[in-house]
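Me: Please examine the model shown below with me. I should like each descriptive term to be justified by its definition.

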Amino acid sequence: MMTFTNLLIAKSRSTAVVTVNRPKVLNALDARTLQELEKAFVLLGNDSEVDVIILTGAGDKAFVAGADITFMKDLDALAAREFALFAQRVLSRIENTQQPVIAAVNGYALGGGCELAMACDIRIASETAKFGQPEVGLGIIPGFAGTQRLPRLVGKGLAKEIIFTGEFIDAREAWRIGLVNRVVPPEQLMESARQMADKIAARSRVAVRLAKQALNEGLEMDSDRAYAHEANLFGLCFTSADQKEGMAAFLEKRAPRFGKIT
Ligand code: COA
C-alpha cells in the first residue's frame with residue numbers, strides 16, 4: 001500500500017479504514033487531500049482483500065469541517081469551477097467504489113465534509129457529530145454535489161432549509177431526517193462501523209456488489225429501465241458460485257461458505 005500525507009489507511013480482516021488526517025484544520029479538504037482520497041479509493045476498490053471501506057476523520061472533533069477555506073479563498077472563477085468538478089469526480093469515485101463505504105462521522109461534517117459523508121453508502125454518526133452546509137455564509141454554494149445528494153437523502157424542502165440557512169444540525173436531528181443511518185456514543189463509533197462491516201463481509205461479496213450497483217445505477221434511471229437493470233443483475237447472480245452455495249446451504253440447513261472471487 002502506498003503512503004499518503006493527509007490520509008491514514010489501515011486494513012484489518014476484510015475492512016479498510018481510511019482516515020482523513022489533518023486534525024489541525026479539522027480535516028479540511030484541500031486539493032492534495034482530495035487527490036489522495038481518489039487514489040486511495042481506486043487502490044482499495046481494486047484490492048481483493050477488502051470487502052468494506054470505513055471513512056472517518058482524525059481526532060475527536062471533526063469528520064471533515066469542509067473544503068479548505070485557506071486554499072479556496074483566492075481562486076478565480078475558472079479555478080473554482082475546476083476545483084468543484086475535481087471534488088465531484090472524487091466523491092463520485094467514492095460513491096461508485098465496488099465495495100460498500102461506511103462513513104463513521106466522528107464530529108463536524110460541514111460543507112465538503114457533509115458532502116463527502118453523503119457520497120458514502122451508509123452514515124453512522126457519533127452523538128457529538130454535527131452536520132451542515134454553511135457555504136452561503138461564506139458567499140458560495142455547495143460545490144461538491146451537495147445540492148444534489150442532500151435532497152436525494154432528506155427531500156427537497158429540508159435540503160433547501162439546510163442549505164439556505166447554513167445552520168448546523170446535530171446527530172439526532174440528522175438521524176430523524178434520514179441523513180444518517182444510526183447514532184452511537186462516540187466511544188462506540190468505530191466498533192459499531194466495524195460490526196456493520198463484518199455483517200456485510202459475511203454475506204456474498206458478489207451479491208453485495210451487484211446490489212450496490214443496482215441501487216446506484218437504478219436510481220439514475222427511469223423506473224422501467226431501472227427494473228429491467230435490476231432483473232439483469234439478478235440474472236447475473238445466477239452465474240456465481242455464491243448463488244449455488246447460498247441456496248444449497250439454505251436447503252441443507254447450514255451456514256453458507258462464500259468465496260472471495262470478484
Ligand atoms: N478550512 C480551513 N481551515 C479550517 C476549516 C476549513 N473548512 N475549518 C476549520 N479550520 C481551521 C480553523 O481555521 C482553525 O485554524 P487555526 O487553529 O489556525 O485558527 C482550526 O481549523 C480549528 O478551527 P476553529 O474554528 O478554531 O474551531 P472551533 O471549535 O472554534 O470551530 C467549526 C469549529 C467547525 C465550527 C469552525 O471551524 C468552522 O465553522 N469551520 C468552517 C466550516 C465551514 O464553513 N465549512 C464549509 C467550507 S465550504
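Me: Why is L26 called partly exposed?
Reply: L26 has a relative accessible area of 23%. Buried means under 20%, exposed over 50%, and partly exposed in between (1.4 Å probe, protein chains only), so L26, at 23%, is partly exposed. The model is predicted: local features need pLDDT of at least 70, side-chain atom pairs count only at pLDDT 80 or more, and totals for chains, interfaces and linings use all residues. Residues are numbered from 1 along each chain as its sequence is written, and side-chain values use heavy atoms, with hydrogens and water left out.

Me: Where does L26 lie, and with which residues is L26 in contact, leaving aside its neighbours within four places in sequence?
Reply: L26 is in the loop between β2 (15–20) and α1 (31–45); helices (H or I, at least four residues) and strands (E, at least two) are DSSP runs, numbered from the N terminus. Once neighbours within four places in sequence are set aside, L26 is in contact (heavy atoms within 4.5 Å) with K61, A62, F63, V64 and A65.

Me: What makes the approach of K61 to the ligand a polar contact?
Reply: A polar side-chain atom of K61 lies 2.6 Å from an oxygen atom of the ligand. A polar contact is a pair of N or O atoms within 3.5 Å; within protein, one must be able to donate a hydrogen and the other to accept it, and residues adjacent in sequence count only if both atoms are side-chain atoms. The K61 pair, at 2.6 Å, therefore qualifies. A backbone N or O atom of A67 lies 3.0 Å from a ligand nitrogen atom, and one of K24 lies 3.4 Å from a ligand oxygen atom.

Me: How do you know that helix α4 is mostly covered?
Reply: In helix α4 (residues 112–119), eight of its eight residues are buried. Among them are C114, E115, L116 and M118.

Me: Which residues touch the most other members of the largest nonpolar core, and what makes it a core?
Reply: A nonpolar core is a set of buried Ala, Val, Leu, Ile, Met, Phe, Trp, Tyr and Cys residues joined through side-chain atoms within 4.5 Å. The largest such set has 49 residues, and L37 and F131 touch the most other members. Helix α3 (residues 77–95) gives the largest share, six residues. Apart from this core lies another, of 14 residues, including I102 and A197.
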